[in-house]
Amino acid sequence: MAYHLSVMMEETLEALNIQPDGIYLDGTVGGGGHSSRILEQLDNGLLIAMDKDDEALRYSKNRLKKIGGNFVLARGDFAHAQDLFDELEIDVIDGALLDLGVSSHQLDEALRGFSYHQDAPLDMRMDRSQRISASTIINEYSEDDLTDILYRFGEEKWARRIAQLIIEHRPLETTFELVDVIKRAVPAGARDQKHPARRTFQAIRIAVNNELDDLAQSIEDIVERLAPGGRIVILTFHSLEDRIVKNTFRLLQKGCQCPEGLPVCICEGESLGKVITRKPIIPTNKELQFNPRSRSAKLRVFERRA
Ligand SMILES: C[S@@+](CC[C@H](N)C(=O)[O-])C[C@H]1O[C@@H](n2cnc3c(N)ncnc32)[C@H](O)[C@@H]1O
């Protein structure tokens, strides 16, 4: 099975507007699909590819080596891309890609514990060297903290009841034990066509990997590194991520961050560029047919002021 089917490949490459001698960041290299195509278009340029997941780095290293050219692979969170740029003595980059969320490989590898369709230990860590896993959150957090996570990161309206039942049935060791508890908590009549554990699993995964907390700041930091005309392209897979990307792009375009209603700007914030995608780009019907996992994807682009 393929490690990961890259989503909106052609749209992403077009949006990046790659210059053969440019420097590009892929903050989420995953299976190296997008990175390979970026590298193929570089001549004297440089690709800097990051991931939190060792397995992703191992896999994409082989793939990128076959293509050749200049690339640096680094283990880490794109929230710390600035440190890497400093280490590499790179002041400006020509473009960046963030393809957020998990790869198909992470979802399909039962042992990683990301999927409610497969029985596995409660893990869900992208970075397997980190201490906090799904088990820590499920078995150690208070009812209020669990409720808050399920509500904020899963928009789960049964958050309180699920949290109460988790606490009642602790310790939970596996994904299927968690699914059972969720099924007990969400009344059959209140379920839609989607799997009742979908929102809880999304919420726990986001919390384990701290997926939303630093996102707005990471985007701003990357945009500040972009050369004039350079672009950041972001693929999101659920509404919480997409909202952060959309609002951050808007703020970066607006510049001024004064509260509404002030007669004159006092913050002296300057616009850093413009939003290229007024509406997000979504996968074509053709892509949806061969890659159903792309169905929730949205692509947004921001361009640094010339
Ligand atoms: C959707 S996959 C990327 C797939 C890739 N674009 C491709 O074509 O193969 C997302 C990857 O990003 C990684 N990831 C998610 N958030 C990250 C973060 N904050 N920093 C670094 N890597 C991250 C995950 O471990 C996963 O491997």
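# A two-domain chain and its spaces

The lining of the largest pocket is a mix: ten nonpolar residues, 13 polar and eight charged. The model that shows this pocket is predicted.

## The largest pocket

How much space does the largest pocket hold? Its volume is about 1,000 Å³. The lining counts 31 residues, and the ones closest to the centre are Leu107, Tyr116, Arg198, Arg295 and Ser296.

Three helices each supply at least two lining residues: α5 (104-108), α10 (198-208) and α12 (239-254). Which of them gives the most? That is α10, with five residues.

The pocket is lined from both domains. Domain 1 (9-101 + 214-304) and domain 2 (112-208) each provide at least three residues of the lining.

## The second largest pocket

The second largest pocket has a volume of about 210 Å³. Its lining has 13 residues. Nearest to its centre are Glu156, Lys157, Ala190, Asp192 and Arg199. Charged residues number eight here, beside four nonpolar and one polar.

## The cavity

A cavity is closed off, while a pocket is open. How many cavities of 30 Å³ or more does the model have? The count is one. The volume of the largest cavity is about 480 Å³. It is lined by 36 residues, with Thr28, Phe78, Asp99, Leu100 and Gly101 closest to the centre. Two elements give two or more residues to this lining: α2 (33-41) and α11 (215-225). Of the elements, α2 gives the most, with three residues. By class, the cavity lining has ten nonpolar, 17 polar and nine charged residues.

## Two domains

The chain divides into domain 1 (9-101 + 214-304) and domain 2 (112-208). Domain 1 is thus written as two stretches of sequence, 9-101 and 214-304. How far apart are the C-alpha centres of the two domains? The distance is 29 Å. The domains also touch: ten residues of domain 1 are in contact with twelve residues of domain 2.

## The nonpolar cores

The largest nonpolar core has 60 residues. Leu25, Ile219 and Ile232 have the most contacts inside it. Helix α10 supplies the largest share of this core, six residues. Like the largest pocket, this core takes at least three residues from each of domain 1 and domain 2.

Take Ile232 as an example. Leaving out residues up to four places away in sequence, Ile232 touches Ala96, Leu98, Ile219, Ile222, Val223, Leu226, Phe249, Arg300, Val301 and Phe302. A separate core has 22 residues, including Met9, Ala15, Leu97 and Val301.

## Residues on view and out of view

Four residues show how accessibility varies along the chain.

| Residue | Relative accessible area | Class |
|---|---|---|
| Leu64 | 0% | buried |
| Pro187 | 32% | partly exposed |
| Glu268 | 70% | exposed |
| Glu89 | 72% | exposed |

Why is Leu64 classed as buried? Its relative accessible area is 0%, and buried means under 20%, so Leu64 qualifies. Leu64 sits in helix α3 (residues 54-67). Beyond its neighbours within four places in sequence, Leu64 is in contact with Gly32, Ser35, Ser36, Leu39, Leu47, Phe71 and Leu73. Leu64 and Ala185 are 121 residues apart in sequence and 46 Å apart in space, C-alpha to C-alpha.

Pro187 lies in the loop between α9 (175-185) and α10. Why does Pro187 count as partly exposed? Its 32% falls between the two cut-offs, because buried means under 20% and exposed means over 50%. Pro187 is 29 residues from Trp158 in sequence, and their C-alpha atoms are 9.2 Å apart in space.

## Backbone details

Arg170 and Pro171 are joined by a cis peptide bond, with omega about 0°. Pro171 belongs to the loop between α8 (159-169) and α9.

Two glutamates have a positive phi. Glu89 is not a glycine, yet its phi is about 55°. Glu89 is in the loop between α4 (81-87) and β4 (93-99). Glu89 is exposed, since its 72% is over 50%. Glu268 also has a positive phi, near 55°, and is not a glycine either. Where does Glu268 lie? Its place is the loop between α12 and β6 (273-275). At 70%, Glu268 is exposed too, because exposed means over 50%.

Note on methods:
Residues numbered from 1 in each chain as written. Predicted model: local features only at pLDDT ≥ 70, side-chain atom pairs only at ≥ 80, totals over all residues. Heavy atoms only, no water. 1 Å grid on protein atoms, 1.4 Å probe; cavity = no way out; pocket = protein on both sides within 12 Å on 5 of 7 lines; lining within 4 Å. Points joined across faces, edges and corners; volume = space filled by probe spheres on them. Helix = DSSP H or I, 4+ residues; strand = E, 2+ residues; numbered from the N terminus. Nonpolar A, V, L, I, M, F, W, Y, C, P; charged D, E, K, R; others polar. Domains from an automatic or database assignment. Core = buried A, V, L, I, M, F, W, Y, C linked by side-chain atoms within 4.5 Å. Buried < 20%, exposed > 50% of the residue type's maximum accessible area, 1.4 Å probe, protein only. Contact = heavy atoms within 4.5 Å.
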